[in-house]
Amino acid sequence: MNIARRDVPSEIPTASMADVAFLLIIFFLVASFYSVTRGIQFSLPRHDEEAFTSEPEAAVLIVISRDGALTVDGRSMPLTELIGYLHPRVSRNPEKSVIIQTSMDAPYHAMTDVFDELRQAGVGNVVIPTSAEMALYGLQEPQ
Amino acid sequence: MRVRRSRPLPGAVIPTATMADIAFLLIIFFMVTTAYSLDRTPMELPETKEQEQVPKGAAIISMAPDGTVRFSAGEADTQPVADIAALGQSIRQVTATNSLHPFVLKADRLVPYRLIDQVLEQLRLARAQNVSLFSIGEEKL
């Protein structure tokens with residue numbers, strides 16, 4: 001008995017594969033936008049006795065009060081003027097220490113705002129003493 | 001004059017096989033570059049103009065606006081810690097094997113600095129050397 005032979009097209013349908021692939025691409029694209037993977041490099045408070053015991057003019061002292069107001073070397077100063085104040089001092093002495101003392105009741109962003117300005121001014125030697133360190137060196141906690 | 005078509009026109013087929021190849025190449029790229037966050041606590045991060053890429057696999061210390069502290073050594077999702085002493089112990093477990101292990105502080109912008117100070121003190125005591133602060137990029141003027 002003769003069986004009629006039918007021609008079956010030998011083609012793999014790949015159109016839907018591209019659809020699935022593009023769906024996955026969109027997923028990974030969106031997922032990559034939502035994951036925060038950037039930040040600011042932070043120098044931990046360290047036992048740098050020189051910074052604490054250095055002469056007053058050798059280090060810049062920034063005090064952040066509970067409402068976020070700044071006092072730089074004993075003078076009240078807005079955040080916008082901080083770079084202008086620090087830049088000539090850091091240019092003269094790139095190793096200049098800058099100490100940030102933050103009030104315990106201040107919001108976290110008050111410290112990061114100042115820290116960000118210091119990084120922009122090119123200050124490499126930032127010292128952020130913890131309350132335990134301040135007590136160790138007899139420094140008063142800012143109000 | 002009538003022109004007679006001698007042969008039937010071939011079917012109009014768009015070759016889509018290579019499209020899938022390109023798509024899978026892009027998928028692999030995004031799979032490799034996408035870093036999944038180990039902490040999904042909703043919070044408003046502080047804004048900074050200076051930003052650097054935080055290393056992959058960094059240990060995360062998350063501080064929510066209500067003062068809840070969560071910790072992850074960098075492999076699993078963050079878990080709440082009972083108190084600062086327990087956090088210090090977890091940090092020391094990480095730094096005991098590698099003092100250069102990166103740590104990331106993820107804190108809400110309105111968290112009182114007192115809590116940050118306590119966490120920084122624990123990091124200092126554990127001699128952690130590589131610490132970053134998670135932040136949202138702010139446009140440079």
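Okay, let's start with one residue: Glu117(A) touches Leu79(A), Leu82(A), Ile83(A) and Lys49(B), leaving aside anything up to four places away in sequence. Keep in mind that what you see here is a predicted model.

So where does Glu117(A) sit? You'll find Glu117(A) in helix α4 of chain A, which covers residues 108-120. And which side chain of opposite charge is nearest to Glu117(A)? That's Lys49(B), at 4.2 Å. Glu117(A) is buried and yet has no salt bridge. The cut-off in use for a salt bridge is 4 Å from a Lys or Arg side-chain nitrogen to a carboxyl oxygen, so Glu117(A) and Lys49(B), with 4.2 Å between them, don't get counted.

Now, the interface as a whole. People often describe how big an interface is by the accessible area lost when the parts come together. For this pair, chain A and chain B bury about 4400 Å² between them, and 62% of that is on carbon and sulfur atoms. Chain A puts 45 residues into the contact and chain B puts in 47 residues.

How many salt bridges run between chain A and chain B? The count is two. One of them joins the side chains of Glu133(A) and Arg124(B), at 3.9 Å from N to O. On top of that, 11 residue pairs are in polar contact across the interface, both partners at pLDDT 80 or more. As for who supplies chain A's side, α1 (15-34), β1 (38-42), α4 and α5 (131-136) each bring at least two residues that touch chain B. The biggest giver there is α1(A), with 12 residues.

Over to chain B on its own. Its secondary structure comes to three helices and eight strands, and along the sequence the order reads α-β-β-β-β-β-α-β-α-β-β. Of the 141 residues in chain B, 43% are buried. If you take the contacts in chain B with a separation of 6 or more, 65% are between residues 24 or more positions apart. Chain B exposes about 8800 Å², with carbon and sulfur atoms supplying 57% of it.

One last stop, back in chain A: Ala59(A), which lies in strand β2, residues 59-64. Buried or exposed? Ala59(A) counts as buried, because its relative accessibility is 10% and the cut-off for buried is under 20%. Its C-alpha atom is 9.7 Å from that of Asn125(A), although the two residues are 66 residues apart along the chain.

That's my tour, thanks.

Key
Residues are numbered from 1 along each chain as its sequence is written. Chains are lettered from A and ligands numbered from 1 in the order in which they are written. This is a predicted model: local features need pLDDT of at least 70, side-chain atom pairs count only at pLDDT 80 or more; totals for chains, interfaces and linings use all residues. Side-chain values use heavy atoms; hydrogens and water are left out. Helices (H or I, at least four residues) and strands (E, at least two) are DSSP runs, numbered from the N terminus. Buried means under 20% relative accessible area, exposed over 50%, partly exposed in between (1.4 Å probe, protein chains only). Lys and Arg count as positive and Asp and Glu as negative; His and the chain ends are not counted. Contact means heavy atoms within 4.5 Å. Accessible areas come from the Shrake-Rupley method with a 1.4 Å probe; for residues, only the protein chains shown count as cover. Buried area is the accessible area (1.4 Å probe) that two parts lose on being put together, summed over both. A polar contact is a pair of N or O atoms within 3.5 Å; within protein, one must be able to donate a hydrogen and the other to accept it, and residues adjacent in sequence count only if both atoms are side-chain atoms.
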